[in-house]
Amino acid sequence: MAPQTNRPLQGMPPLLDQHDIYAADRPNNLSPVVKSFPARVYVPNTVSNTVTIIDPATYKVIDTINVGRLPQHITPSYDLKTLWVLNDKGNSLTEIDPVTGKKGKTIPVDDPYNMYYTPDGKFAIVVAEEKEQLMFRDAQTMDLKKGLWVPCKGVDHMDFSADGTYLIASCEFGARIIKVAVESQKMIGQLDLETHGMPQDVKLSPDGRVFYVADMHANGVHLIDGERMAKIDFVSTGKGAHGLYVSRDSKVLYVSNRDEGSVSVIEFASKKVIKKWTIGGSPDMGGVSADGKVLWLSGRYNSEVYAINTTDGSLLARIPVGKGPHGLCVYPQPGRYSLGHNGIFR
(Lines give C-alpha, C1' and ligand atoms only; values in the text may rest on other atoms or scores of the structure.)
Protein backbone atom coordinates (compact mmCIF):
# COMPACT_ATOMS: atom_id res chain seq x y z
CA MET A 1 0.00 0.00 0.00
CA ALA A 2 1.23 3.51 -0.82
CA PRO A 3 2.57 5.30 2.27
CA GLN A 4 0.17 7.87 3.66
CA THR A 5 0.67 10.64 6.16
CA ASN A 6 -2.05 11.46 8.65
CA ARG A 7 -3.30 14.07 6.23
CA PRO A 8 -2.69 13.84 2.47
CA LEU A 9 -2.27 17.14 0.64
CA GLN A 10 -5.60 18.92 0.75
CA GLY A 11 -7.12 19.34 -2.71
CA MET A 12 -5.18 16.49 -4.32
CA PRO A 13 -7.47 14.04 -6.16
CA PRO A 14 -7.61 10.81 -4.13
CA LEU A 15 -5.66 7.81 -5.45
CA LEU A 16 -7.73 5.44 -7.57
CA ASP A 17 -5.77 2.51 -6.15
CA GLN A 18 -3.81 2.62 -2.88
CA HIS A 19 -1.43 0.02 -4.35
CA ASP A 20 -0.75 1.88 -7.62
CA ILE A 21 -0.37 5.62 -8.00
CA TYR A 22 -0.44 5.18 -11.81
CA ALA A 23 -3.80 3.39 -11.89
CA ALA A 24 -5.27 6.24 -13.98
CA ASP A 25 -2.58 5.78 -16.66
CA ARG A 26 -3.78 2.52 -18.21
CA PRO A 27 -3.61 2.10 -22.03
CA ASN A 28 -5.78 4.59 -23.90
CA ASN A 29 -7.54 5.68 -20.69
CA LEU A 30 -7.75 9.26 -21.93
CA SER A 31 -9.47 11.97 -19.94
CA PRO A 32 -12.54 13.53 -21.60
CA VAL A 33 -10.48 16.74 -21.69
CA VAL A 34 -7.98 15.29 -24.18
CA LYS A 35 -9.93 12.60 -26.06
CA SER A 36 -10.37 14.79 -29.12
CA PHE A 37 -6.72 15.89 -29.25
CA PRO A 38 -4.72 14.47 -32.16
CA ALA A 39 -1.86 12.17 -31.14
CA ARG A 40 1.42 14.02 -31.58
CA VAL A 41 5.03 13.99 -30.40
CA TYR A 42 6.36 17.47 -29.55
CA VAL A 43 10.15 17.84 -29.59
CA PRO A 44 11.98 20.89 -28.18
CA ASN A 45 15.26 21.42 -30.03
CA THR A 46 17.57 23.28 -27.63
CA VAL A 47 20.14 24.40 -30.19
CA SER A 48 17.74 25.17 -33.04
CA ASN A 49 15.27 27.08 -30.80
CA THR A 50 12.40 25.22 -32.42
CA VAL A 51 9.76 22.61 -31.67
CA THR A 52 9.36 19.72 -34.11
CA ILE A 53 5.90 18.10 -34.26
CA ILE A 54 5.71 14.45 -35.29
CA ASP A 55 2.68 12.38 -36.30
CA PRO A 56 3.29 9.10 -34.41
CA ALA A 57 1.05 7.15 -36.78
CA THR A 58 3.29 7.86 -39.78
CA TYR A 59 6.58 8.77 -38.00
CA LYS A 60 6.63 11.91 -40.16
CA VAL A 61 7.45 15.50 -39.18
CA ILE A 62 4.34 17.57 -39.85
CA ASP A 63 5.45 20.97 -38.54
CA THR A 64 8.33 22.94 -37.03
CA ILE A 65 7.68 26.10 -35.02
CA ASN A 66 10.05 28.76 -33.77
CA VAL A 67 10.15 29.41 -30.02
CA GLY A 68 12.47 31.14 -27.52
CA ARG A 69 16.13 30.45 -26.74
CA LEU A 70 17.13 27.00 -25.46
CA PRO A 71 13.77 25.23 -25.19
CA GLN A 72 14.42 22.41 -22.70
CA HIS A 73 11.13 20.62 -22.02
CA ILE A 74 7.50 20.66 -23.13
CA THR A 75 5.17 20.48 -20.14
CA PRO A 76 1.44 19.62 -20.11
CA SER A 77 -0.58 21.89 -17.80
CA TYR A 78 -2.22 20.45 -14.69
CA ASP A 79 -5.67 20.66 -16.33
CA LEU A 80 -4.29 18.94 -19.48
CA LYS A 81 -5.51 21.73 -21.78
CA THR A 82 -2.22 23.43 -22.65
CA LEU A 83 1.35 22.54 -23.53
CA TRP A 84 4.10 24.89 -22.36
CA VAL A 85 7.50 25.14 -24.07
CA LEU A 86 10.12 26.04 -21.47
CA ASN A 87 12.51 28.50 -23.10
CA ASP A 88 15.34 28.36 -20.57
CA LYS A 89 17.66 31.08 -21.90
CA GLY A 90 14.75 32.93 -23.45
CA ASN A 91 13.32 33.40 -19.92
CA SER A 92 9.85 32.61 -21.21
CA LEU A 93 7.10 30.05 -21.68
CA THR A 94 5.50 29.56 -25.08
CA GLU A 95 2.01 28.11 -25.29
CA ILE A 96 1.08 25.36 -27.75
CA ASP A 97 -2.56 24.45 -28.36
CA PRO A 98 -2.69 20.61 -28.43
CA VAL A 99 -5.90 20.77 -30.48
CA THR A 100 -4.32 22.64 -33.39
CA GLY A 101 -0.61 22.24 -32.71
CA LYS A 102 -0.24 26.00 -33.17
CA LYS A 103 1.78 28.42 -31.08
CA GLY A 104 -0.09 30.73 -28.72
CA LYS A 105 1.14 33.43 -26.37
CA THR A 106 4.64 33.69 -24.90
CA ILE A 107 4.95 34.93 -21.32
CA PRO A 108 8.04 36.06 -19.38
CA VAL A 109 9.31 33.61 -16.72
CA ASP A 110 12.83 33.56 -15.29
CA ASP A 111 15.10 30.57 -15.99
CA PRO A 112 12.48 27.90 -16.80
CA TYR A 113 14.66 24.81 -17.16
CA ASN A 114 11.82 22.56 -16.06
CA MET A 115 8.30 22.90 -14.64
CA TYR A 116 6.03 20.81 -12.41
CA TYR A 117 2.61 21.22 -10.80
CA THR A 118 1.73 20.62 -7.17
CA PRO A 119 -0.69 17.67 -6.85
CA ASP A 120 -3.51 19.98 -5.75
CA GLY A 121 -3.13 22.02 -8.96
CA LYS A 122 -2.58 25.31 -7.14
CA PHE A 123 1.01 26.01 -8.11
CA ALA A 124 3.30 25.61 -11.06
CA ILE A 125 6.83 25.03 -9.81
CA VAL A 126 9.29 26.51 -12.27
CA VAL A 127 12.65 24.83 -11.73
CA ALA A 128 15.21 27.61 -12.13
CA GLU A 129 18.33 25.47 -12.51
CA GLU A 130 20.88 28.25 -12.88
CA LYS A 131 19.39 30.30 -10.03
CA GLU A 132 19.12 27.21 -7.77
CA GLN A 133 15.52 28.08 -6.99
CA LEU A 134 12.08 26.52 -7.08
CA MET A 135 9.70 29.25 -8.17
CA PHE A 136 6.16 28.66 -6.91
CA ARG A 137 3.81 30.38 -9.36
CA ASP A 138 0.04 30.57 -9.60
CA ALA A 139 -0.86 27.66 -11.88
CA GLN A 140 -3.35 29.75 -13.86
CA THR A 141 -1.72 33.19 -14.11
CA MET A 142 1.94 32.19 -13.63
CA ASP A 143 2.31 35.09 -11.19
CA LEU A 144 5.23 34.44 -8.85
CA LYS A 145 4.11 33.64 -5.29
CA LYS A 146 7.35 32.42 -3.71
CA GLY A 147 10.94 31.84 -4.75
CA LEU A 148 12.63 29.11 -2.71
CA TRP A 149 16.42 29.00 -2.86
CA VAL A 150 17.74 25.48 -2.31
CA PRO A 151 21.29 24.20 -1.66
CA CYS A 152 21.03 22.14 -4.82
CA LYS A 153 23.42 22.90 -7.68
CA GLY A 154 21.72 22.11 -10.95
CA VAL A 155 18.29 21.42 -9.49
CA ASP A 156 16.34 19.99 -12.40
CA HIS A 157 14.05 16.95 -11.98
CA MET A 158 11.55 15.88 -9.31
CA ASP A 159 8.55 13.76 -8.39
CA PHE A 160 5.94 13.88 -5.64
CA SER A 161 5.09 11.49 -2.81
CA ALA A 162 1.96 9.33 -3.11
CA ASP A 163 0.12 11.54 -0.61
CA GLY A 164 1.29 14.73 -2.33
CA THR A 165 2.81 16.24 0.80
CA TYR A 166 6.41 16.44 -0.38
CA LEU A 167 8.65 16.28 -3.43
CA ILE A 168 12.08 14.82 -4.05
CA ALA A 169 14.33 16.79 -6.44
CA SER A 170 17.72 15.99 -7.97
CA CYS A 171 20.78 18.24 -7.86
CA GLU A 172 22.61 17.44 -11.10
CA PHE A 173 25.83 19.23 -10.24
CA GLY A 174 25.66 18.76 -6.48
CA ALA A 175 25.56 14.94 -6.15
CA ARG A 176 22.56 15.37 -3.87
CA ILE A 177 18.80 15.04 -3.65
CA ILE A 178 16.53 17.28 -1.60
CA LYS A 179 13.10 17.01 -0.02
CA VAL A 180 10.64 19.92 -0.05
CA ALA A 181 7.29 20.14 1.75
CA VAL A 182 4.57 21.11 -0.73
CA GLU A 183 2.25 22.96 1.65
CA SER A 184 4.86 25.02 3.53
CA GLN A 185 7.10 25.34 0.43
CA LYS A 186 10.17 24.74 2.59
CA MET A 187 13.09 22.34 2.24
CA ILE A 188 12.86 19.64 4.91
CA GLY A 189 15.66 17.22 4.03
CA GLN A 190 18.64 16.36 1.89
CA LEU A 191 20.70 13.30 1.05
CA ASP A 192 24.20 13.36 -0.42
CA LEU A 193 25.01 10.71 -3.01
CA GLU A 194 28.39 9.54 -4.28
CA THR A 195 31.00 12.30 -4.50
CA HIS A 196 30.95 12.32 -8.28
CA GLY A 197 27.27 11.53 -8.70
CA MET A 198 25.15 13.30 -11.29
CA PRO A 199 21.47 12.63 -10.45
CA GLN A 200 18.92 13.23 -13.18
CA ASP A 201 15.31 12.11 -13.59
CA VAL A 202 13.20 11.12 -10.56
CA LYS A 203 10.22 8.75 -10.59
CA LEU A 204 8.14 7.26 -7.78
CA SER A 205 7.40 3.52 -7.80
CA PRO A 206 3.77 2.47 -8.36
CA ASP A 207 3.38 1.42 -4.72
CA GLY A 208 4.58 4.84 -3.60
CA ARG A 209 7.41 3.44 -1.47
CA VAL A 210 10.55 4.07 -3.51
CA PHE A 211 11.88 7.04 -5.48
CA TYR A 212 14.02 5.95 -8.42
CA VAL A 213 16.75 8.49 -9.25
CA ALA A 214 18.78 8.10 -12.44
CA ASP A 215 22.48 8.98 -12.12
CA MET A 216 24.56 9.67 -15.23
CA HIS A 217 27.92 9.25 -13.48
CA ALA A 218 26.97 6.24 -11.36
CA ASN A 219 25.56 4.62 -14.54
CA GLY A 220 22.42 3.41 -12.88
CA VAL A 221 19.50 4.20 -10.61
CA HIS A 222 19.46 4.97 -6.88
CA LEU A 223 16.51 3.65 -4.88
CA ILE A 224 15.52 6.16 -2.21
CA ASP A 225 13.18 5.91 0.76
CA GLY A 226 11.64 9.37 0.68
CA GLU A 227 10.09 9.14 4.13
CA ARG A 228 13.47 8.52 5.80
CA MET A 229 15.58 10.20 3.11
CA ALA A 230 17.78 7.12 2.97
CA LYS A 231 19.34 5.21 0.08
CA ILE A 232 18.12 1.61 0.16
CA ASP A 233 19.57 0.15 -3.04
CA PHE A 234 21.24 0.81 -6.39
CA VAL A 235 20.58 -0.79 -9.78
CA SER A 236 23.24 -0.62 -12.50
CA THR A 237 21.66 0.04 -15.89
CA GLY A 238 24.18 1.52 -18.32
CA LYS A 239 26.45 4.43 -19.07
CA GLY A 240 24.75 7.79 -18.64
CA ALA A 241 21.46 6.69 -17.01
CA HIS A 242 19.16 9.63 -17.62
CA GLY A 243 15.38 9.42 -18.19
CA LEU A 244 12.80 7.28 -16.34
CA TYR A 245 9.40 6.16 -17.69
CA VAL A 246 6.77 3.85 -16.19
CA SER A 247 5.02 1.29 -18.41
CA ARG A 248 1.25 1.47 -18.85
CA ASP A 249 0.72 -1.66 -16.72
CA SER A 250 2.91 -0.21 -13.91
CA LYS A 251 5.13 -3.30 -13.97
CA VAL A 252 8.40 -1.94 -15.34
CA LEU A 253 10.51 1.21 -15.54
CA TYR A 254 12.27 2.20 -18.77
CA VAL A 255 15.69 3.80 -18.21
CA SER A 256 17.41 5.65 -21.05
CA ASN A 257 21.20 5.24 -20.90
CA ARG A 258 22.22 8.27 -22.92
CA ASP A 259 25.97 7.71 -23.12
CA GLU A 260 25.80 4.15 -24.48
CA GLY A 261 22.69 4.31 -26.66
CA SER A 262 20.58 1.81 -24.77
CA VAL A 263 17.41 1.38 -22.72
CA SER A 264 17.28 -0.79 -19.60
CA VAL A 265 14.02 -2.25 -18.32
CA ILE A 266 13.72 -2.52 -14.51
CA GLU A 267 11.01 -4.74 -13.05
CA PHE A 268 9.40 -3.01 -10.07
CA ALA A 269 8.58 -6.27 -8.27
CA SER A 270 12.16 -7.58 -8.24
CA LYS A 271 13.96 -4.22 -8.53
CA LYS A 272 16.21 -5.79 -11.16
CA VAL A 273 17.03 -5.17 -14.82
CA ILE A 274 15.16 -7.81 -16.84
CA LYS A 275 15.91 -6.54 -20.36
CA LYS A 276 18.32 -4.23 -22.14
CA TRP A 277 17.82 -2.83 -25.61
CA THR A 278 20.61 -1.30 -27.67
CA ILE A 279 19.37 1.32 -30.13
CA GLY A 280 22.43 3.52 -30.65
CA GLY A 281 22.56 7.30 -30.62
CA SER A 282 21.95 9.28 -27.44
CA PRO A 283 18.53 8.41 -25.95
CA ASP A 284 17.47 11.11 -23.52
CA MET A 285 14.01 12.29 -22.43
CA GLY A 286 10.65 11.13 -23.74
CA GLY A 287 7.46 9.29 -22.92
CA VAL A 288 5.27 6.27 -23.57
CA SER A 289 2.52 6.25 -26.20
CA ALA A 290 -1.11 6.28 -25.05
CA ASP A 291 -1.50 2.60 -25.87
CA GLY A 292 1.78 1.71 -24.17
CA LYS A 293 3.25 0.06 -27.25
CA VAL A 294 5.91 2.67 -28.13
CA LEU A 295 8.59 4.40 -26.07
CA TRP A 296 9.54 7.73 -27.62
CA LEU A 297 12.95 9.23 -26.78
CA SER A 298 14.91 12.22 -28.04
CA GLY A 299 18.43 11.65 -29.38
CA ARG A 300 20.09 14.55 -27.59
CA TYR A 301 23.35 14.70 -29.54
CA ASN A 302 22.20 13.12 -32.80
CA SER A 303 19.42 15.48 -33.94
CA GLU A 304 16.92 12.62 -34.04
CA VAL A 305 14.03 10.96 -32.23
CA TYR A 306 13.62 7.23 -31.57
CA ALA A 307 10.40 5.21 -31.58
CA ILE A 308 11.01 1.95 -29.70
CA ASN A 309 8.73 -1.10 -29.57
CA THR A 310 8.08 -1.78 -25.86
CA THR A 311 7.41 -5.48 -26.55
CA ASP A 312 10.85 -6.40 -27.88
CA GLY A 313 12.92 -3.20 -27.89
CA SER A 314 13.16 -3.03 -31.66
CA LEU A 315 13.62 0.37 -33.25
CA LEU A 316 10.47 1.31 -35.15
CA ALA A 317 11.74 4.63 -36.46
CA ARG A 318 14.64 7.06 -36.30
CA ILE A 319 13.31 10.50 -37.18
CA PRO A 320 15.52 13.52 -38.03
CA VAL A 321 14.64 16.67 -36.06
CA GLY A 322 16.40 19.91 -35.06
CA LYS A 323 19.64 20.23 -33.13
CA GLY A 324 19.76 19.27 -29.47
CA PRO A 325 16.37 17.57 -29.00
CA HIS A 326 15.62 17.24 -25.29
CA GLY A 327 12.43 16.93 -23.19
CA LEU A 328 9.99 15.70 -25.82
CA CYS A 329 6.33 15.29 -24.91
CA VAL A 330 4.07 12.50 -26.16
CA TYR A 331 0.54 13.89 -26.11
CA PRO A 332 -2.14 13.18 -25.22
CA GLN A 333 -1.47 10.50 -22.59
CA PRO A 334 -3.76 8.70 -20.13
CA GLY A 335 -4.29 10.22 -16.69
CA ARG A 336 -6.54 12.59 -14.76
CA TYR A 337 -4.08 15.44 -14.24
CA SER A 338 -0.50 16.44 -15.01
CA LEU A 339 2.30 16.86 -12.47
CA GLY A 340 4.40 18.49 -15.17
CA HIS A 341 7.90 17.76 -16.52
CA ASN A 342 7.42 16.34 -20.04
CA GLY A 343 4.50 14.22 -18.87
CA ILE A 344 3.90 12.78 -15.39
CA PHE A 345 0.25 11.81 -15.04
CA ARG A 346 -1.82 10.41 -12.18
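Two strands pair if DSSP finds at least two bridges between them. The legends below apply this term to a predicted model.

**Figure 1. Overall view of the protein chain.** This predicted model contains zero helices and 28 strands. The C-alpha trace of the protein chain spans about 50 × 45 × 40 Å along its principal axes. The radius of gyration is 18 Å, which agrees with the value near 20 Å that a compact globule of 346 residues would have. Of the 346 residues in the protein chain, 63% are buried.

**Figure 2. Strand β1 and its two partners, β2 and β28.** Strand β1 covers residues 40–45, and five of its six residues are buried, so the strand is largely enclosed by the rest of the structure. On one pairing, β1 is joined to strand β2 (residues 50–55) by five bridges, and the two run antiparallel. Within this pairing, valine 43 of β1 stands opposite threonine 52 in β2. The hairpin of β1 and β2 has four residues between the strands, and asparagine 49 there takes a positive phi near 60°. Strand β1 also pairs with β28, in the antiparallel sense and over three bridges. Here valine 41 has valine 330 in β28 as its bridge partner.

**Figure 3. The segment after β28 and its cis peptide bond.** Strand β28 comprises residues 329–331, and proline 332 is found in the segment that comes after it. The peptide bond leading from tyrosine 331 to proline 332 is cis, with omega near 0°. Most peptide bonds are trans. Cysteine 329 has a relative accessibility of 0% and counts as buried.

**Figure 4. Strand β22 between two hairpins.** Strand β22 (residues 262–267) is mostly covered, with five of its six residues buried. With strand β21 (residues 252–257), β22 pairs in the antiparallel sense over six bridges. One of these contacts has asparagine 257 and serine 262 of β22 as bridge partners. Four residues lie between β21 and β22 in their hairpin, where glycine 261 takes a positive phi near 65°. On its other pairing, β22 runs antiparallel to strand β23 (residues 272–278), to which six bridges join it. Isoleucine 266 stands opposite valine 273 in β23. The hairpin formed by β22 and β23 likewise has four residues between the strands, and lysine 271 in the turn has a positive phi of about 60°.

**Figure 5. The disulfide of cysteine 152 and cysteine 171.** A search of the whole structure finds one disulfide. Its sulfur atoms, from cysteine 152 and cysteine 171, are 1.9 Å apart. The pair links distant parts of the chain, 19 residues apart: cysteine 152 lies in the loop between β11 (144–149) and β12 (155–160), and cysteine 171 lies in strand β13 (residues 166–171). The link of cysteine 152 and cysteine 171 is left-handed, with -110° about the S-S bond. Cysteine 152 has a relative accessible area of 0% and is therefore buried, the cut-off being under 20%. Cysteine 171 is also buried, with a relative accessible area of 0%.

**Figure 6. Two loop residues with positive phi.** Most residues other than glycine have a negative phi. Leucine 70, in the loop between β3 (60–66) and β4 (71–76), has a positive phi near 55°. The relative accessible area of leucine 70 is 24%, and this residue is partly exposed. Glutamine 185 has a positive phi of about 55° although it is not a glycine. The loop that holds glutamine 185 connects β14 (176–181) and β15 (186–192). Glutamine 185 is buried, with a relative accessible area of 8%.

**Figure 7. The largest cavity and its lining.** The model holds one cavity of 30 Å³ or more. About 180 Å³ of space lies in the largest cavity. Its lining consists of 15 residues, of which Asp25, Val246, Arg248, Gln333 and Gly343 lie nearest the centre. Strands β20 (241–246) and β24 (283–288) each supply at least two residues of this lining. By type, the lining divides into seven nonpolar, five polar and three charged residues.

Key
Residues are numbered from 1 along each chain as its sequence is written. This is a predicted model: local features need pLDDT of at least 70, side-chain atom pairs count only at pLDDT 80 or more; totals for chains, interfaces and linings use all residues. Side-chain values use heavy atoms; hydrogens and water are left out. A disulfide is a pair of cysteine sulfur atoms within 2.5 Å. Buried means under 20% relative accessible area, exposed over 50%, partly exposed in between (1.4 Å probe, protein chains only). On a 1 Å grid over the protein atoms alone, a cavity is a set of points where a 1.4 Å probe fits but cannot get out, and a pocket is an open set with protein on both sides within 12 Å along at least five of seven lines; lining residues have an atom within 4 Å of a point. Grid points are joined across faces, edges and corners, and a volume is the space filled by probe spheres set on the points. Ala, Val, Leu, Ile, Met, Phe, Trp, Tyr, Cys and Pro count as nonpolar, Asp, Glu, Lys and Arg as charged, and the others, Gly among them, as polar. The radius of gyration is taken over C-alpha atoms; the globule rule is 2.2 Å times the number of residues to the power 0.38.
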